[in-house]
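Subject: Structure handover

Hello,

Here is the structure I promised to pass on. Please open it alongside this email, and my notes follow below.

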Amino acid sequence: MKIQGKMFLWLSFFILIMAVVYGVWSKEPVGTTALFLAFGLSVMIGYYLAFTAKRVDEMAQDNLEADVADEAGELGFFSPHSWQPLSLAIGGAFAFMGVIFGWWLMYFSAPLILIGLWGWVYEYYRGENQNQ
């Protein structure tokens, strides 16, 4: 995580220089604002990664002598049979189409998003998958 934190902080420094150069050279406020916002986002991510790297054990990616197999192992639990992401994707598609075609589509997308989110969070609290 230390390496990623440093990379994002260096990236933020580069974006800041480019934002200043672009702002002075073009005198265009929208692109300059977007670059300053990208700078802020990069600083937040870099700071978070650097801050977190001090509180966790050293990972294999921080060790110059590490092999690929040092990070091997289980990455987490992934639900192989869940239908909830499909509901969230359809609801999200309708929500984004609501921005384009009309806000009335939000009345159709909000229940789909809430059902998908509720189902995904509580998927393993009921039914046949309760004990997993």
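**Lysine 27 and the first loop**

Lysine 27 counts as exposed, because its relative accessibility is 68% and the cut-off for exposed is over 50%. Please keep in mind that this is a predicted model. Lysine 27 sits in the loop between helix 1 and helix 2, the latter covering 29-53. Its backbone deserves a look. Lysine 27 is not a glycine, yet it has a positive phi of about 55 degrees. Most residues other than glycine have a negative phi.

**Helix 1**

Helix 1 covers residues 2-26. Phenylalanine 14 belongs to this helix. Is phenylalanine 14 buried or exposed? Neither label fits: phenylalanine 14 is partly exposed, because its relative accessible area is 48% and partly exposed lies between 20% and 50%.

Phenylalanine 14 also helps to make a nonpolar surface patch. The patch is about 910 Å². Its other members are Trp10, Leu11, Phe13, Ile17, Met18, Val21 and Trp25.

Leucine 9 lies in helix 1 as well. Its relative accessible area is 36%, so leucine 9 is partly exposed. What does leucine 9 contact, leaving aside its neighbours within four places in sequence? The partners are Val43, Gly46 and Tyr47. For a sense of distance, take phenylalanine 77. It is 68 residues from leucine 9 along the chain, and the two C-alpha atoms are separated by 31 Å.

**What the record says**

UniProt gives the feature "transmembrane region" at residues 7-25, 31-51 and 88-121. The entry is unreviewed. I looked at two of these spans in the model.

- Residues 7-25 are 100% helix and 0% strand, with the end C-alpha atoms 27 Å apart.
- Residues 31-51 are also 100% helix and 0% strand, and here the end C-alpha atoms are 30 Å apart.

**Helices 3 and 4**

Helix 3 takes in residues 84-101, and serine 87 has its place there. Serine 87 counts as buried, because its relative accessibility is 14% and buried means under 20%. Which residues does serine 87 touch, not counting those up to four places away in sequence? They are Leu112, Ile115 and Gly116.

Helix 4 runs over residues 106-121 and includes valine 121. At 47% relative accessibility, valine 121 counts as partly exposed. Valine 121 and phenylalanine 96 are 25 residues apart along the chain. Their C-alpha atoms are separated by 23 Å.

**Aromatic rings**

How many aromatic pairs does the structure hold? There are five. One of them joins tryptophan 118 and tyrosine 122. A pair of aromatic rings is described by the distance of the centres and the angle of the planes. For tryptophan 118 and tyrosine 122, the centres are 4.7 Å apart and the planes meet at 50 degrees. This pair is tilted, because an angle under 30 degrees would count as stacked and one over 60 as edge-to-face.

The two rings belong to one aromatic cluster, formed by Trp118, Tyr122 and Tyr125. Tryptophan 118 is exposed, with a relative accessible area of 56%. Tyrosine 122 is partly exposed, at 34%.

Best wishes

Notes:
Residues are numbered from 1 along each chain as its sequence is written. This is a predicted model: local features need pLDDT of at least 70, side-chain atom pairs count only at pLDDT 80 or more; totals for chains, interfaces and linings use all residues. Side-chain values use heavy atoms; hydrogens and water are left out. Patches are made of residues with over 30% relative accessible area and no salt bridge: like charges are joined within 9 Å, nonpolar side chains (Val, Leu, Ile, Met, Phe, Trp, Tyr) within 5 Å. Accessible areas come from the Shrake-Rupley method with a 1.4 Å probe; for residues, only the protein chains shown count as cover. A salt bridge is a side-chain nitrogen of Lys or Arg within 4 Å of a carboxyl oxygen of Asp or Glu. Helices (H or I, at least four residues) and strands (E, at least two) are DSSP runs, numbered from the N terminus. Buried means under 20% relative accessible area, exposed over 50%, partly exposed in between (1.4 Å probe, protein chains only). UniProt positions are given in the numbering used here, feature names are shortened, and annotations may be inferred rather than shown by experiment. Contact means heavy atoms within 4.5 Å. Rings of Phe, Tyr and Trp (its six-membered ring) pair if their centres lie within 6.5 Å; planes under 30 degrees apart count as stacked, over 60 as edge-to-face and the rest as tilted.
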